[in-house]
Amino acid sequence: MLLTTAFVLHVVSGALWTGATLYVAYATLPRAADGTLGRAAFVDAAHRLLMVTRWTGVVLPVTGAYMIWRLYTPLDLLAASARGWAVLAMLSLWGVMNGLVELGVLRMRREVDPDIGWGTYMAEGFPVDALGGDEPTAARLAALSRPYLLASAGLAALLLVDAGLLAGGVPA
Ligand code: HEM
């Protein structure tokens, strides 16, 4: 029962996070870059992606660790099968993608608050209220976050392929 609950929470969180990342990169980034989307809307989308990243960033490793404990102990099993490799890839992709989203939104925030410390950023993210005046433009913010968001979207796609391989029954 607990394992089933962990699977459900894990899959829901993974879907929400990868979906949100792909949506922000596909639907809001190009529109912020060409000025069709206002900067408040773009900043709000980025901030909300950061919040989804942080909430799922608790649920995914906790449920994932529990699933590893139930399905892959002794831990040698992780290195000894194709499924184990897929799980290790999942863990690594999650770590890198998390860092990219955090750094991408931090780059945007630093354009407004150059001296913002890590603690304040962790507590606040990039709320729309932090914007003031007319600078930076949406295009400038999009240019700053573009490499991070595109790389995150690429990793989200890889994560979905990885999850699909596990779901499709890669042999143990
Ligand atoms: C801390 C990071 C993560 C860990 C430790 C982890 C671990 C695991 C483990 C152990 C399984 C069960 C594998 C099996 O059935 O043999 C699993 C399944 C799954 N994971 Fe993750 N995972 C992580 C992150 C993610 C992320 C970011 C996604 C986003 C797509 C994701 C999506 C899935 C899905 C959809 C399944 C179900 C696959 C199936 O049907 O068997 N996981 N994960």
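**Exercise 1.** Is E102 buried or exposed, judged by its relative accessibility?

*Solution.* The model is predicted: local features need pLDDT of at least 70, side-chain atom pairs count only at pLDDT 80 or more, and totals for chains, interfaces and linings use all residues. Residues are numbered from 1 along each chain as its sequence is written, and side-chain values use heavy atoms, with hydrogens and water left out.

Step 1. Buried means under 20% relative accessible area, exposed over 50%, and partly exposed in between (1.4 Å probe, protein chains only).
Step 2. With a relative accessibility of 11%, E102 counts as buried.

**Exercise 2.** Identify the salt-bridge partner of E102 and place both residues in the fold.

*Solution.* Step 1. A salt bridge requires a side-chain nitrogen of Lys or Arg within 4 Å of a carboxyl oxygen of Asp or Glu.
Step 2. E102 meets R54 in such a bridge, at 2.9 Å from N to O.
Step 3. Helices are DSSP runs (H or I, at least four residues), numbered from the N terminus.
Step 4. Because E102 belongs to helix α4 (residues 82–112) and R54 to helix α2 (residues 39–71), the pair ties together parts 48 residues apart in sequence.
Step 5. R54 also counts as buried, at 18% relative accessibility.

**Exercise 3.** Describe the salt bridge between E124 and R109.

*Solution.* Step 1. The closest N and O atoms of E124 and R109 are 3.0 Å apart.
Step 2. E124 lies in helix α5 (residues 118–124) and R109 in helix α4, 15 residues apart.
Step 3. E124 is partly exposed at 35%, whereas R109 is buried at 5% relative accessibility.
Step 4. A network of salt bridges links R109, D113 and E124.

Note on methods
Helix = DSSP H or I, 4+ residues; strand = E, 2+ residues; numbered from the N terminus.
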